[in-house]
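Got the viewer open and the cartoon switched on? Keep the selection box handy and follow along.

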Amino acid sequence: MKLYSRGQVILFSSLSAALALLLVFGFAFIKPRLSKPVSAPAAVSPLNDRFEDEYKLSQSDYNVIPVSDDLNQFSAGERENITIYERLNSAVVNITTEVMAINWFLEPVPQEGTSGSGSIIDTNGFVLTNNHVIQNAHRVFVNLADGSQFEGRVIGIDPENDLAVLKFDPPAGTVLTTINYGNSDNLRVGQKVLAIGNPFALERTLTVGIVSGLGRPIQTSRNRIIRDMIQTDASINPGNSGGPLLDTQGRMIGINTMIYSPTGGSVGIGFAVPVNTARRVVSEIMQHGRVRRGWMDATVVQLFPSLVRYARLPVESGLLVSRTRRGGLAERAGLRQGAEPVQYGRSVIYLGGDIITSVNGMPTNTLADLYSSLEASRPGDIVTVEIIRGGQTSTLRVTLADREEIMRTNQ
């Protein structure tokens, strides 16, 4: 073991103390230069300064996500969805209504009604929507994407296809985004579609799906059949009604109208009125304020079992011609009315007339079938009517009258 003298120990102690002091004061010199703040980029310094000053950020500040104008970061399908939505969502309006109700004092009072969606189809403020969205409304309001609200007026309705046209008056100089018509005749099952609407008042919501089926005949709550409905699995919920169903070019191919739902929510089975039907309806409404349709000027009765048994009819379904208008188009075409009156409830049915079994090749087992077969017709059109007379089948060519005039006369 090596021994050190007292002088050596003192020397070693002095050197150790000097080294410790050097380390302490040396780091004191160095530390300010290492901890000098580095200037933050201008883009982020305001946020950092605010954090230092206020210590807290709102929830919205935490959720700020930078948005890039470069869509290349997204897939082709995403770019398609984003482009269509950003281009057309402002053309979709939220429609709200006010209806009249009766209070406890039997006084009429306004109250909030239904809500739905609509598409701006003209820069002058014309909007296409569903009839059931504005049905029984005392006042109608059109709410735009920028938050502005305008009172609208009903230009015309078509309950048969559940369509309506509204009009609002935008301020002078307002440039409205519109949605162009596509072609619903060229649709294919499996093609991609997009729906924009206001489900549950969540404005301008986008959902995506495919065409799940075509040519669906769907019966409405008014016991009318809308033919050729488009079935889609794009989510459609209450509030989507009246909004557009779009193809990948952003063209309207349908008007979202109803869903099949045991629970009241979307289960992936929605239906849209074909845009080609809407185009025809809108054109009629814009020109005439209503949809003119053809009708046979005759009173027909849908067959039912007790009537079939009582009259010993040769068929169990069809439409019995009870009366024809004297000198009318149907009578001149050879359609024969009944001659034997029988009482049925408060009505009188004349037995012995022709039984209509089809119109233009479409079976007419019910009155709804007859409405459906003549939905696209106009006054003056000639239709082929298949009838049974005396147990024999024959056909007649009948010129159609104006349905509204016939209905008004029969009231």
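Here is a tour, stop by stop, through a predicted model.

**Stop 1: the barrel**

Start by selecting strands 7 to 12. They make up a closed barrel of six strands in the order 7-8-9-12-11-10, and the pairing is antiparallel. Ignoring direction, neighbouring strands of this sheet are turned against each other by 50 degrees on average.

Now zoom in on one pair from that set. Strand 11 (residues 252–259) and strand 12 (residues 270–274) run antiparallel and are joined by five bridges. If you want one bridge to look at, pick G254, whose partner in strand 12 is P274.

Add the helices next. Helix 4 (residues 76–88) packs on the sheet and touches strand 7 (192–197), strand 8 (205–219) and strand 10 (244–246). The direction of helix 4 makes about 35 degrees with that of strand 7. Helix 6 (residues 275–288) packs on the sheet too, touching strand 11 and strand 12, and its direction makes about 45 degrees with that of strand 12.

**Stop 2: the nonpolar cores**

Switch to side chains here. Which members of the largest nonpolar core touch the most other members? Select L128, L163, I179, M229, L246, M252 and I255: these are the ones, out of 27 residues in that core. Elements giving two or more residues to this core include strand 3 (126–129), strand 6 (163–167), strand 9 (225–232) and helix 4. Helix 6 gives the largest share, five residues.

Centre the view on L163 for a moment. Leaving aside neighbours within four places in sequence, L163 is in contact with L128, T129, N130, N131, I157, D158, I255, V273, A278 and V281.

Then move on to a second, separate core, which has 21 residues. Among them are W295, M296, A298 and L374.

**Stop 3: strand 18 and its partners**

Select residues 355–359, which are strand 18. Is this strand enclosed or open to the outside? Five of its five residues are buried, so strand 18 is largely enclosed by the rest of the structure.

Bring up the strands it pairs with, one by one:

- Strand 15 (residues 319–324) runs antiparallel to strand 18, with two bridges joining them; L319 has I356 as its bridge partner.
- Strand 20 (residues 382–389) pairs with strand 18 over four bridges, in the antiparallel sense; here I356 is partnered by I387.
- Strand 19 (residues 362–363) pairs with strand 18 over two bridges, again in the antiparallel sense; S358 stands opposite P363.

Stay with that last pair and look at the turn. The hairpin of strand 18 and strand 19 has two residues between the strands, and N360 takes a positive phi near 55 degrees.

**Stop 4: I210**

Go back to the barrel and click on I210, which lies in strand 8. With 34% relative accessibility, I210 counts as partly exposed. Not counting residues up to four places away in sequence, I210 touches G190, Q191, K192, V193, Q231, T232 and D233. For a distance label, try I210 to L194: they are 16 residues apart in sequence and 8.0 Å apart in space, C-alpha to C-alpha.

**Stop 5: salt bridges**

How many salt bridges does a search of the whole structure find? There are 14, and three make good stops.

Begin with K192, which you just met as a contact of I210. The side chains of K192 and E80 meet in a salt bridge at 3.0 Å, N to O. This pair links distant parts of the chain, with E80 in helix 4 and K192 in strand 7, 112 residues apart. E80 is partly exposed at 28% relative accessible area, and K192 is partly exposed at 23%.

Next, select R153 and D169, a salt bridge whose closest N and O atoms are 3.1 Å apart. R153 sits in strand 5 (residues 149–158), while D169 is in the loop between strand 6 and strand 7. Both count as partly exposed, R153 at 43% and D169 at 45%.

Finish with D247 and R251, where the closest N and O atoms are 2.9 Å apart. D247 counts as buried at 7% relative accessibility, whereas R251 is partly exposed at 39%. Before you close the session, select D158, R280, R293 and E375 together: salt bridges that share partners join them into one network.

Conventions. Residues numbered from 1 in each chain as written. Predicted model: local features only at pLDDT ≥ 70, side-chain atom pairs only at ≥ 80, totals over all residues. Heavy atoms only, no water. Pairing = 2+ DSSP bridges. Axes fitted to C-alpha atoms, helices over the stretch in contact; angles between N-to-C directions. Contact = heavy atoms within 4.5 Å. Core = buried A, V, L, I, M, F, W, Y, C linked by side-chain atoms within 4.5 Å. Buried < 20%, exposed > 50% of the residue type's maximum accessible area, 1.4 Å probe, protein only. Salt bridge = Lys/Arg side-chain N within 4 Å of Asp/Glu carboxyl O.
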